[in-house]
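Student: I am new to this structure. Can we go through it in short steps?

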Amino acid sequence: MKRVYTASDPVNAHLVRELLEGNGIPAVVQDERIFAVRGSVPVVYPTVWVNEDGYEAARAVVEQFDAAAKQPAETASWICPACGERIDGQFTECWKCAGAAEAVSGATGERKRSRLYFLILIAVAAAVIALLLRKLVEKH
Ligand SMILES: [Zn+2]
């Protein structure tokens with residue numbers, strides 16, 4: 001087998017593995033247990049391995065994944081036409097002047113609430129992942 005990808009965390013490693021298998025390339029994740037055992041200090045990064053005959057195709061998939069992973073953060077951000085604030089791509093509304101927009105539309109409270117739910121969702125997802133990692137470590 002050949003290593004085709006070194007991930008920054010187990011979640012990314014499994015994303016790549018699923019992407020490869022979705023493209024018909026069998027792949028396995030290794031070193032993720034070491035990553036989990038060492039907790040928040042990732043000395044050994046999880047890696048994704050494929051068979052030699054699938055390596056070239058896997059490289060192409062991984063390069064696409066890398067490019068896609070890097071791009072959105074930089075290119076998807078936008079400038080609010082009303083206040084000039086730079087907004088991250090995952091938000092469709094300006095966080096700075098949403099209040100002003102709301103005074104016009106009357107929907108401000110709802111927007112604030114949906115933003116709060118979004119943040120809570122991220123916090124819950126992070127907690128669940130941490131819990132799963134801990135259980136994985138205890139099992140082994
Ligand atoms: Zn704005």
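Tutor: We start with a term. A nonpolar core is a set of buried Ala, Val, Leu, Ile, Met, Phe, Trp, Tyr and Cys residues joined through C-beta atoms within 7 Å. Keep in mind that this is a predicted model.

Student: How many residues does the largest nonpolar core have?

Tutor: In soluble globular proteins, nonpolar side chains tend to be buried together. Here, V16, L20, I25, A27, V48, V50 and A58 have the most contacts inside the largest core. β1, α1, β2, β3 and α3 each supply at least two of its residues. The size of this core is 13 residues.

Student: Which element gives the largest share of this core?

Tutor: Helix α1 covers residues 10-22 and is among the elements that supply at least two core residues. Its contribution is three residues. The largest share comes from α1.

Student: Which residues of α1 are buried, and do they sit on the same side or on opposite sides?

Tutor: A residue is buried if 20 or more other C-beta atoms lie within 10 Å of its own. In α1, P10, A13, V16, R17 and L20 are buried. They cover an arc of only 125° around the axis, so they lie on the same side of α1.

Student: Which residues of α1 are exposed on the other side?

Tutor: The buried side holds V16 and L20, among others. Turn to the other side of α1 for the exposed ones. They are E18 and G22.

Student: What span should the 13 residues of α1 have?

Tutor: The rise is 1.5 Å a residue. The end C-alpha atoms of α1 are 18 Å apart, which agrees with the expected value. That expected span is 18 Å.

Student: Which residues form the covered face of β3?

Tutor: In a regular strand the side chains alternate between the two faces of the sheet. In β3, T47 and W49 make up the uncovered face. The covered face is V48 and V50.

Student: In which sense do β1 and β2 pair with β3, parallel or antiparallel?

Tutor: β1 and β3 pair over four bridges, with K2 opposite V50. Four bridges also join β2 to β3, and Q30 has T47 as its bridge partner there. In both pairs the sense is antiparallel.

Student: Which residues of β3 is A27 in contact with, leaving aside neighbours within four places in sequence?

Tutor: A27 is one of the residues with the most contacts inside the core. Its contacts include R17, L20 and E21, and also A58. β3 spans residues 47-50. From that stretch, A27 touches V48, W49 and V50.

Student: Is E63 buried or exposed?

Tutor: E63 lies in helix α3. E63 and Y5 are 58 residues apart in sequence, yet 9.4 Å apart in space, C-alpha to C-alpha. Because E63 has 11 C-beta neighbours inside 10 Å, E63 counts as exposed.

Student: Where in the protein chain is confidence lowest?

Tutor: The chain averages a pLDDT of 78, and 74% of the residues score at least 70. Confidence is highest in β3, at 95. Over residues 99-107, the pLDDT is below 50. The lowest mean, 47, belongs to helix α4.

Student: Why does that matter for reading the coordinates?

Tutor: Low pLDDT calls for caution. The stretch 99-107 has six contacts in the model beyond near neighbours in sequence. Where pLDDT is low, the predicted coordinates should not be read in detail.

Methods
Residues are numbered from 1 along each chain as its sequence is written. This is a predicted model: local features need pLDDT of at least 70, side-chain atom pairs count only at pLDDT 80 or more; totals for chains, interfaces and linings use all residues. A residue is buried if 20 or more other C-beta atoms lie within 10 Å of its own, exposed if 12 or fewer, and partly exposed in between; C-beta atoms are placed from the backbone. Two residues are in contact if their C-beta atoms, placed from the backbone, lie within 7 Å. pLDDT is the predictor's confidence in each residue, from 0 to 100. The expected span of a helix is 1.5 Å times one less than its number of residues. The arc is that of the directions from the helix axis to the C-beta atoms. Two strands pair if DSSP finds at least two bridges between them.
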